[in-house]
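Student: Got a minute to go through this one with me? I'd like to start with how the helices pack.
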Amino acid sequence: MSPFIRLLVLGLFLCLPRAVMAQPPEVLRLVANEWEPYTGANILNKGLASDIVATALRRAGYDVNLQIVPWTRALKGVESGNYHGIIAAWYSKERERHMAFGRPYLTNDLVLFKRSIDKIPYVKLMDLQPYTIGVVRDYAYGDEFDGSAQLKKKPALDLRTNLVRLSNHLIDLFPEDRFVVKHLLNSKYPEYSGKIDFLDKPLSQRTLHMTISKKTMGYDKIVADFNRELQAMKAEGLLEKLIEKHNLNF
């Protein structure tokens, strides 16, 4: 090939639109850890979060291959580009160095559960001083709650202990993710269904995101496509329908 032809070809290549040069993969290898009911190997459509993200991406024209792996492997795999993205992650500046974040599609509400028959006013944290609150050992509930010495906290080994204690009037409240408790009531502890509900004001909230590795070709297009379809799904009421399908409404 003559030098002139080589330069012409190179010039044409450089003039190609960025979107053409950086087409994303047709099949997205996404990962999630075991975090029922949001993600999991043995639940409906691998969890609510998996269902929402996969639905949005398939509507945008992508095939989705989802694997459930330990969280550390998921995080490192996406950072290195071995996987294309993570189904469900909380935002952090550190993670944004390696991943592009889609718009939030769910909110993780950490709420205070109580007996259905009890009326407990709660506007600020100090309103809870009269009550005994069950907590799971070594679980972080937020700096203000964890650091408060005025609250009466009763440690437990697991969530089931708090469910039993609440039912038997040994504690008055316990904090937990709203969907996590509903899933456990559905799948393992139906005897407590209808006997507990939660206070309207969340103890804390964090938004849940889909991420795409910045080493994935066309990662910005994938995120834009996801955001577009997510917005359409919300407008159609499809997110609420998916929550109902997974039986996670109280």
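Student: Which residues of helix 3 meet helix 10?
Tutor: This is a predicted model. In it, L48, D51, I52, T55 and R59 of helix 3 meet L238, L239, L242, I243 and K245 of helix 10.
Student: And by class, how do the residues of that contact divide?
Tutor: Six are nonpolar, one is polar and three are charged.
Student: At what angle do the axes cross?
Tutor: Roughly 140 degrees, and the axes come within 10 Å. Helix 3 covers residues 48-59 and helix 10 covers residues 238-245.
Student: Why are these two called oblique?
Tutor: Angles over 145 degrees count as roughly antiparallel and 65 to 115 as roughly perpendicular, with the rest oblique. The axes of helix 3 and helix 10 cross at roughly 140 degrees, and the two helices are therefore oblique to each other.
Student: Is the crossing left-handed or right-handed?
Tutor: Helix 3 passes helix 10 in a right-handed crossing.
Student: OK, helix 9 next. How does helix 9 pack with helix 10, in angle and axis distance?
Tutor: The angle is about 75 degrees and the axes are 5 Å apart, with helix 9 spanning residues 219-235. Helix 9 and helix 10 are therefore roughly perpendicular to each other.
Student: Which residues make that contact?
Tutor: L230, M233 and K234 come from helix 9, and L238, L239 and L242 from helix 10. By class, the contact of helix 9 with helix 10 has five nonpolar residues, no polar ones and one charged.
Student: Different topic: the loop between strand 1 and helix 3. Where is the cis peptide bond?
Tutor: The cis bond joins E36 and P37, with omega about 10 degrees. P37 sits in the loop between strand 1 (27-32) and helix 3.
Student: What about K46, is its phi positive or negative?
Tutor: Positive, near 60 degrees, in a residue other than glycine. K46 also lies in the loop between strand 1 and helix 3.
Student: Last thing, pockets. How much space lies in the largest pocket?
Tutor: About 370 Å³. The lining of the largest pocket has 17 residues, and W90, L110, Y139, A140 and D177 lie nearest the centre.
Student: Which elements each supply at least two residues of that lining?
Tutor: Strand 5 (106-115), strand 8 (174-177), helix 8 (178-187) and strand 10 (204-213).
Student: And the lining by class?
Tutor: Eight nonpolar, four polar and five charged residues.

Methods. Residues numbered from 1 in each chain as written. Predicted model: local features only at pLDDT ≥ 70, side-chain atom pairs only at ≥ 80, totals over all residues. Heavy atoms only, no water. 1 Å grid on protein atoms, 1.4 Å probe; cavity = no way out; pocket = protein on both sides within 12 Å on 5 of 7 lines; lining within 4 Å. Points joined across faces, edges and corners; volume = space filled by probe spheres on them. Helix = DSSP H or I, 4+ residues; strand = E, 2+ residues; numbered from the N terminus. Nonpolar A, V, L, I, M, F, W, Y, C, P; charged D, E, K, R; others polar. Axes fitted to C-alpha atoms, helices over the stretch in contact; angles between N-to-C directions. Parallel < 35°, antiparallel > 145°, perpendicular 65-115°, else oblique. Left-handed = near helix turned anticlockwise from the far one by under 90°. Contact = heavy atoms within 4.5 Å.
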